[in-house]
Amino acid sequence: MGIPATIREDFPILRQRVNGHPLVYLDSASTSQKPRQVIAALVRYYEEYNANVHRGVYSIAERATAEYEAARAKVARFLGAGGADEIIFTRNVTEALNLVAYAWGRRHVGPGDEILTTEMEHHSNLVPWQLLAQERGARLRHIPFDDRGRLVLDDLDRLLTDRTRLVALVHVSNTFGTINPVAEIARAAHARGALVVVDGAQSTPHRAVDVRAVGADFFGFTGHKMLAPMGIGGLWGRRDLLEAMGPFLGGGEMISDVWLDHAQWNELPWKYEAGTPNVGDAIALGAAVDYLERLGMDAVAAHEREITEYAMERLGEVPGLRILGPGARERGGVVSFAIEGIHPHDVAQVLDTEGVCVRAGHHCTKPLHRKLGIGASVRASFYVYTIKEEIDVLTRALEKTRELFRVAG
């Protein structure tokens, strides 16, 4: 079953006009739009049973707790987790990765140890390991990418050593769109005794994910890219690792008992959720999971593959436009590009006058752009509500941009 043609009716924001044109939203890799079912779940929480969780014994508090924990169970099922207690709610994938760097890394990484990442990482999966390496006297190493934006694994056996404690890599690149062979890398890492941390920000919304099948030990995701509100995401971790780690933040909820001079930690997952949680947005995340499961993740992936192939075909017709990254069959729903003679920010501003929303900049992958010898690029990214007609609008707007700047063909 494919994505129904009526799906756009679920997204109120897509009905508006911008600068006199229908809104063409092509920045879903930055954040997705929200369907009315998710918005309604959030509003319902605040209108009907707004109360703190795990505390009150009155009716609306008990309902809030039940819905909050039901959302956790939905996420666990969605990711193929072994149980709901393996899902830690965080603000986003950035916080999830920092949690691992702090709570696991500072206990297990020491002087002379190594952390292996890749050259295409989002800053969120690079800076936390830089900070950890600097603090602990460890060394950072990086898997390179080739001229098609694909990881070069020929020297993986050399990059992985007996001192490698952690491999941190992105599942799907937010700039190239490259779908990385995480399971293959994880097998090699585990053979050397290293753990694997996966940034799933761009994979979880777009394709079926099984965190155990891909070989992850920790897997971070974020809700706002998968139809949920901003400010809610999470970390999946192997239960044995989460149980052995110390807490990330201290305060209420993450304790089972407290004395004046010491405390005992709560059970999973609450050991890592100090203070009042983001209850409403977590419940809305559960509604987003419901929505995606009704569509079917295989249908979601197939739709994006079709849209991406069409986009690369149409963009290839624009003179002077260079697409970054691999072919359509090797990438997710992300196409970054540069147009010779026009700065990416100028491209984005002209497109906005046509109602087209794209991202322009370094996309939080400065080392990647530096290796390519460019300061920025334009990124168009797609999701379940993207249609081919919007790609046609994008292409015409890019041709208008070239005419405006009088770039030679």
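**How the two domains meet**

The chain is divided into domain 1, made of 5–30 together with 297–404, and domain 2, which covers 39–293; these bounds come from an automatic or database domain assignment. This is a predicted model, in which local features need pLDDT of at least 70 and side-chain atom pairs count only at pLDDT 80 or more, while totals for chains, interfaces and linings use all residues. Residues are numbered from 1 along each chain as its sequence is written, and side-chain values use heavy atoms, with hydrogens and water left out.

The C-alpha centres of domain 1 and domain 2 lie 28 Å apart, and their contact (heavy atoms within 4.5 Å) takes 34 residues from domain 1 and 32 residues from domain 2. Between them the two domains bury about 2700 Å², 57% of it on carbon and sulfur atoms; buried area is the accessible area, taken with a 1.4 Å probe, that two parts lose on being put together, summed over both. On the side of domain 1, Met 297, Leu 368 and Tyr 383 lose the most area to domain 2, together 24% of what that side buries.

Across this interface the rule finds two salt bridges, a salt bridge being a side-chain nitrogen of Lys or Arg within 4 Å of a carboxyl oxygen of Asp or Glu. The side chains of Arg 150 and Glu 330 meet in a salt bridge at 3.8 Å, N to O.

By class, the side of domain 1 that touches domain 2 has 17 nonpolar, nine polar and eight charged residues, where Ala, Val, Leu, Ile, Met, Phe, Trp, Tyr, Cys and Pro count as nonpolar, Asp, Glu, Lys and Arg as charged, and the others, Gly among them, as polar.
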